Amino acid sequence: MKISLTFFFVVLAYALFKHGIQLPDSVPAGSTETMNDHKVRLIHQQEENKVDVMMGDELFTSYIYPEDMEKPVLYPVNAPGNITLTRAFPLEARAGERVDHPHHVGIWMNYGDVNGLDFWNNSYNIPQEKKEGYGSIRHREVIQASSGDEGTLQVKADWLNNANKKLLEEQTTFHFREVEGVRIIDRIVVLKAQKEAVQFTDNKEGMLAIRVTRALEMPSEKPLKLTNAQGKPRAEAVLDNTGVNGNYLSSQAIEGEEVWGTRAKWMKLYGEIENSPVAIAILDHPENPGYPTYWHARPYGLFAANPLGQKVFSEGEKELNLKLNPGEEVIFRYRMLISSDDVLSSEKLNSLSKDFGQVL
């Protein structure tokens, strides 16, 4: 008697179900994943050098570590509803974007002066003969990539000079979750000095940052270069600000361009993308060095918290040069909130900031 394959698998599935055994969910080829009915799923695509973070059926972000980039980053970053908040340049072609600062990619964390090396500005755009003045961060290992009501990603990386000498060992833990429509990234970074002392010399270029899409910039009248439909730079003599409506608000009730160089326990960047309200907020943690942080937040879409670059921001009144002796470590903790609705009011952010200060 012939039995169809379909009938066979139906019988097999029923037998497994009766005995409390479930077949595993499908996993993409070449990837490793922990998943069932998890709210947050982490999928390690090793052949593509990335870990995808899924919220239900939507991609929230990916931790990417291409060999030809000078640092690992989170890219892209999407609000609920698949609304992309990050600039695509220089990784992808998207019309109407600025082509400045090719080192501004997704969400990243590094610094402009570590033992005299510039980690912040390093990119493919630096000529090889000048590379000795720059440092890079190389991904080494995914320690944990777990799914559940909260997704956890733990990675190791090395801060290297141009001769591949390791100055710092980095261990970073990300926690990803969504609460009442707000997507949350907690980032805990441990930096440990290796065989020599490491100094973070006071510098405005740092530290935790996101580069956002054109709509979340503040309107500008200055001529600049934007990408065309093929992603190629094109000079724009008269700038079109249609749909460009970003604005900053700090915990000190400072708004717009005036937030740059000020201190605050949180900062929000908000606006609309294709008529959908969106907001990104970064919360500083009371145990971070230099709390409350200074904000290196620019109208052209760079949104960064820099607790160590105090001299420029305070016009020389303050200075912070953080030094780690061999074997010593420093911890930085940040929380990023991403919403596609107008729910991150100042009152709400003050409450969330207070809660964040009591954890991690």
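Okay, before I show you anything: two strands count as paired here if DSSP finds at least two bridges between them. Keep that in mind, because pairing in that sense is what builds the sheet I'm starting with. And one caution up front: this is a predicted model.

So, the sheet. It's an open one with eight strands, and the order across it is β8-β9-β10-β11-β22-β18-β17-β16, with antiparallel pairing. At the edges you find β8 and β16, each with a single partner strand, so one side of each has no neighbour in the sheet. On average, neighbouring strands here are turned by 20° against each other, if you ignore direction.

Let's walk in from the β8 end. Strand β8 covers residues 136-146, and nine bridges join it to β9, with the two running antiparallel. If you want a spot to look at, find R138, which sits opposite D158 in β9. The two strands make a hairpin with four residues between them, and in that hairpin G148 takes a positive phi near 160°.

Next comes β9 itself, residues 151-160. Is this strand mostly buried or exposed? Nine of its 10 residues are buried, so the rest of the structure largely encloses it. On to the β10 side: β9 and β10, the latter being residues 166-179, pair antiparallel over 10 bridges. L153 is the residue standing opposite F174 in β10. This is another hairpin, with five residues between the strands, and N164 in the turn has a positive phi of about 65°.

Further along the order is β22, residues 329-339, and I'd like to stop at S339, which belongs to that strand. S339 has a relative accessible area of 1%, so we call it buried. Who is around it? Leaving out residues up to four places away in sequence, S339 touches A79, P80, G181, V182, P277, V278, A279 and L344. Its side chain also reaches the backbone oxygen of D341, at 2.7 Å.

Now turn to the helix, α3, residues 346-356. It lies across β11, β16, β17, β18 and β22, and it runs at about 35° to β18. Which residues of α3 are buried? They are L349, S353 and F356. Looking down the helix axis, those buried residues fall within an arc of 60°, so they line one face of α3. Covering them are, among others, β11, β17, β18 and β22. The face turned away from that buried side carries E347 and K354, which are exposed.

Okay, charges. Searching the whole structure turns up 20 salt bridges. I'll take three of them.

Start with E70 and R138, where the closest N and O atoms are 3.2 Å apart. E70 is in the loop between β4 and β5, while R138 is in strand β8, so this pair ties together parts 68 residues apart in sequence. E70 counts as buried, at 16% relative accessibility, and R138 counts as partly exposed, at 23%. Remember that R138 is also the residue opposite D158 in β9.

D158 has a salt bridge too, with R140, and there the closest N and O atoms are 2.5 Å apart. D158 in β9 and R140 in β8 are 18 residues apart, and the pair links distant parts of the chain. D158 is buried at 9% relative accessibility, whereas R140 is partly exposed at 48%.

The last pair is E196 with K165, whose side chains meet at 2.5 Å, N to O. E196 sits in the loop between β11 and β12, K165 in the loop between β9 and β10, and they are 31 residues apart. Both ends are partly exposed: E196 has a relative accessible area of 28%, and K165 has 42%. One thing to add about shared partners: R140, D158, K166 and E169 are joined into one network of salt bridges.

One more stop, away from the charges: M54, in strand β3, residues 50-55. M54 counts as buried, at 14% relative accessibility. Not counting residues up to four places away in sequence, M54 touches K39, V40, R41, I43, L59 and F60. How far is M54 from S147 in space, C-alpha to C-alpha? The distance is 9.3 Å, though the two are 93 residues apart in sequence.

That's my tour. Thanks, everyone.

Note on methods
Residues are numbered from 1 along each chain as its sequence is written. This is a predicted model: local features need pLDDT of at least 70, side-chain atom pairs count only at pLDDT 80 or more; totals for chains, interfaces and linings use all residues. Side-chain values use heavy atoms; hydrogens and water are left out. Buried means under 20% relative accessible area, exposed over 50%, partly exposed in between (1.4 Å probe, protein chains only). A polar contact is a pair of N or O atoms within 3.5 Å; within protein, one must be able to donate a hydrogen and the other to accept it, and residues adjacent in sequence count only if both atoms are side-chain atoms. Contact means heavy atoms within 4.5 Å. Axes are lines fitted to C-alpha atoms, for helices over the stretch in contact, and angles run from 0 to 180 degrees between N-to-C directions. The arc is that of the directions from the helix axis to the C-beta atoms. A salt bridge is a side-chain nitrogen of Lys or Arg within 4 Å of a carboxyl oxygen of Asp or Glu.
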